[in-house]
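Trainee: Could you take me slowly through one part of this model, the sheet and what lies around it? I would like one connected account that I can follow with the structure open beside me.

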Amino acid sequence: MSTRIAVVTGANKGIGFAIVRALCKKFEGDVLLTARNVDLGKKAVEELEKEGLHPKFHQLDLNDHNSVVKLRNFLQDIYGGLDVLVNNAGIAYKNSSTAPFSEQAEVTNKTNFFDTLNVCEILFPLLRPHARVVNVSSMASQMALNQCSSELKARFTDPNITMDELKSLIKQFIDTAQNNQHREAGFANSAYGTSKIGVTVMSMIQQRELDAKGADDIVVNACCPGYVNTDMSSHQGHLTIDQGAETPVYCALLPPNIDHPRGKFIREKKVAEWKA
């Protein structure tokens, strides 16, 4: 029987690092810490080894299609599949950033939404029965949803929205932001929040698609780790990284054959409503 394998993206620091730490203690199988920078990734593994933990390392750059393909080939060759995927990698511009909103909208949504979706499309064929997928979203997705027009709220919360429709909406946000017309188009004034709307809704669609294909107990959920003290929050958060890891790890280790939660948005280990 093949060794079980859990993969955590963007895991050399912050919440991703803490998720790897927790999975090393709780997951029955290997845990793969991935990071864009090889040196930083290996250093993170060394830190966890000092704690008596034994994560593996593999390079993964979300923005590099070939890097994702290499990871897929490695998982296929060494493990023959994938049991847990935690899509934690992402970016956020600092509040103090002087980058124009047009750039922030394009770069943030490309990485957090489109590149995360690409990882899923490449790795999902490896998912074994009872696999768990955790897409790390944010409470910012709910805040951004509330800033949208009634029409967009209805579309983002439509239980039958398709992936093509979602991609089109995120692309529309990026396009209108190039001329600073995103507010007139009904979108929130948040590049990060909109990218996380994409991640949350993407997760709901993925569950529906997997169920339609007859997948054997493969569960996808989006989750909010909370307001965590990391580089991402400019160290404004009040939670430690280990506290921030609790909900993603809860989602990653949901027991076999559960009916609920599936295709939901989870906060503090509970289902949060996704509605206008």
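Mentor: Strands β4 and β5 pair in the parallel sense, and five bridges hold this pairing; within it, Val 86 stands opposite Val 134 in β5. Please keep in mind as we go that this is a predicted model. Between these two strands the chain passes through α4, and the β-α-β crossover that results is right-handed. On the β1 side, β4 also pairs in the parallel sense, here over three bridges, and Val 7 stands opposite Leu 85 of β4. As for its surroundings, six of the six residues of β4 are buried, so this strand is largely enclosed by the rest of the structure.

Now widen the view to the whole sheet, which is open and has eight strands in the order β3-β2-β1-β4-β5-β6-β7-β8, with mixed pairing. The edges are taken by β3 (56–59) and β8 (270–272), and because each of them has a single partner strand, one side of each is left without a neighbour in the sheet. From one strand to the next, the twist averages 30°. Helix α1, which covers residues 14–26, packs on this sheet and touches β1 (5–8), β2 (30–35) and β4 (82–87), while its direction makes about 165° with that of β1. Another helix, α5 (residues 139–147), lies across β6, β7 (265–267) and β8, and runs at about 120° to β7. When you follow any strand with your eye, it helps to remember that in a regular strand the side chains alternate between the two faces of the sheet.

The next pairing to look at is that of β5 (residues 127–136) with β6 (residues 219–224), two strands that run parallel and are joined by five bridges. One pair to find there is Val 133 with its bridge partner in β6, Val 220. Strand β6 also holds Asn 221, and this residue is worth a careful look: its relative accessible area is 0%, so it counts as buried. A polar atom of the Asn 221 side chain lies 3.1 Å from the backbone nitrogen of Gly 263. If we leave aside neighbours within four places in sequence, the residues in contact with Asn 221 include Val 133, Val 134 and Asn 135, and also Ser 203, Cys 251, Pro 261 and Ile 266.

Pro 261 leads us into the loop between α9 (241–252) and β7, where this proline lies. A cis peptide bond joins His 260 to Pro 261, with omega about 0°. In the loop between α9 and β7 you will also find Asn 257, whose phi is near 60°, a positive value in a residue other than glycine. To see why these two places deserve attention, recall that most residues other than glycine have a negative phi, and most peptide bonds are trans. Asn 257 counts as exposed, because its relative accessibility is 55% and the cut-off for that word is over 50%. Further along, the loop between β7 and β8 contains Glu 268, which is not a glycine and yet has a positive phi of about 50°. Glu 268, at 65% relative accessibility, is likewise counted as exposed.

Finally, turn to the helices, beginning with α7 (residues 163–177), which has 15 residues and reaches 21 Å from its first C-alpha to its last, close to the 21 Å expected at 1.5 Å a residue. Its buried residues include Met 163, Leu 166, Leu 169, Ile 170 and Phe 173, and among the elements that cover the buried residues of α7 are α4 (101–123), α6 (150–156) and α8 (191–212). Helix α8 is where Gly 198 is found, and with a relative accessible area of 0% this glycine is buried. Apart from neighbours within four places in sequence, Gly 198 is in contact with Phe 113, Leu 166 and Ile 170. Leu 166 and Ile 170 are both on the list of buried residues in α7, which makes them good places to rest your eye when you look from one helix to the other. A last distance to check is the one between the C-alpha atoms of Gly 198 and Ala 154, which are 44 residues apart along the chain and separated by 14 Å.

Key
Residues numbered from 1 in each chain as written. Predicted model: local features only at pLDDT ≥ 70, side-chain atom pairs only at ≥ 80, totals over all residues. Heavy atoms only, no water. Pairing = 2+ DSSP bridges. Helix = DSSP H or I, 4+ residues; strand = E, 2+ residues; numbered from the N terminus. Axes fitted to C-alpha atoms, helices over the stretch in contact; angles between N-to-C directions. Contact = heavy atoms within 4.5 Å. Expected span 1.5 Å × (residues − 1). Buried < 20%, exposed > 50% of the residue type's maximum accessible area, 1.4 Å probe, protein only. Right-handed = clockwise from strand over helix to strand, strands pointing away. Polar contact = N/O pair within 3.5 Å; in protein donor to acceptor, adjacent residues only side chain to side chain.
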